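Dear colleague,

I am passing on the structure we spoke about, together with some notes on what turned up in it. Please look it over alongside the text that follows.

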Amino acid sequence: MEPTISTITPFTASNVKKCICGSCPVQTNSQCVKEKQATVKEALQANPLNTADIPGDYCATGVATCKDIDTKQICICGSCPVFTDYQLATHQPMGYYCRDGLAT
Ligand code: SF4
Ligand code: SF4
């Protein structure tokens, strides 16, 4: 089954590159995220992109496949250019897409 992709924020290499999830404290200590980050350049060459290979852009792709993230830490989506570009403050949820699913 194809993963659900948000119709609000397109799942594109351009938006993945703008995404700041990589600097988010929620992901800092995730070994799973570290492993995906090590191969993310290659993953960005794929067409279509594979959601499971990209440890970020969750507003477009939904809940993180990495389960060792720490969602007690503070989400920084509010400082992200994608959040601003697509006016995600006017959609739900308003952050923690890795935990709560994609922007709708
Ligand atoms: S709004 Fe959050 S999940 Fe979406 S691209 Fe920005 S940092 Fe990543
Ligand atoms: S969606 Fe928000 S909480 Fe989750 S990793 Fe990205 S910035 Fe952090």
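By class, how many nonpolar, polar and charged residues does the shell around ligand 1 have? Bearing in mind that this is a predicted model, the shell has eleven nonpolar residues and one charged residue, with no polar ones. The residues that surround ligand 1 are C19, I20, C21, D57, Y58, C59, C77, C80, V82, F83, L88 and Y97, and helix 4 (58-61) and helix 5 each supply at least two residues of that shell. As for the space that ligand 1 takes up, it is the second largest cavity.

Y97 appears again in the largest nonpolar core, which has 19 residues, and there Y97 and I69 touch the most other members. Helix 4, helix 5 and helix 6 each supply at least two residues of this core. Apart from it lies another core, made of seven residues, including F11, A43, L49 and I54. Once its neighbours within four places in sequence are left aside, I69 is in contact with V26, Q27, S30, V33, A64 and C98.

The last residue to mention is G95, found in the loop between helix 5 (81-85) and helix 6 (97-100). With a relative accessible area of 6%, G95 counts as buried, because that value falls under the 20% cut-off. Not counting residues up to four places away in sequence, G95 touches C75, C77 and D100, and C77 is also one of the residues that surround ligand 1. G95 and A64 lie 31 residues apart in sequence and 13 Å apart in space, taken from C-alpha to C-alpha.

With best wishes

Key. Residues numbered from 1 in each chain as written. Chains lettered and ligands numbered in written order. Predicted model: local features only at pLDDT ≥ 70, side-chain atom pairs only at ≥ 80, totals over all residues. Heavy atoms only, no water. Helix = DSSP H or I, 4+ residues; strand = E, 2+ residues; numbered from the N terminus. Buried < 20%, exposed > 50% of the residue type's maximum accessible area, 1.4 Å probe, protein only. Contact = heavy atoms within 4.5 Å. Near = heavy atom within 4 Å. 1 Å grid on protein atoms, 1.4 Å probe; cavity = no way out; pocket = protein on both sides within 12 Å on 5 of 7 lines; lining within 4 Å. Sits in = over half its atoms within 2 Å of the grid points. Nonpolar A, V, L, I, M, F, W, Y, C, P; charged D, E, K, R; others polar. Core = buried A, V, L, I, M, F, W, Y, C linked by side-chain atoms within 4.5 Å.
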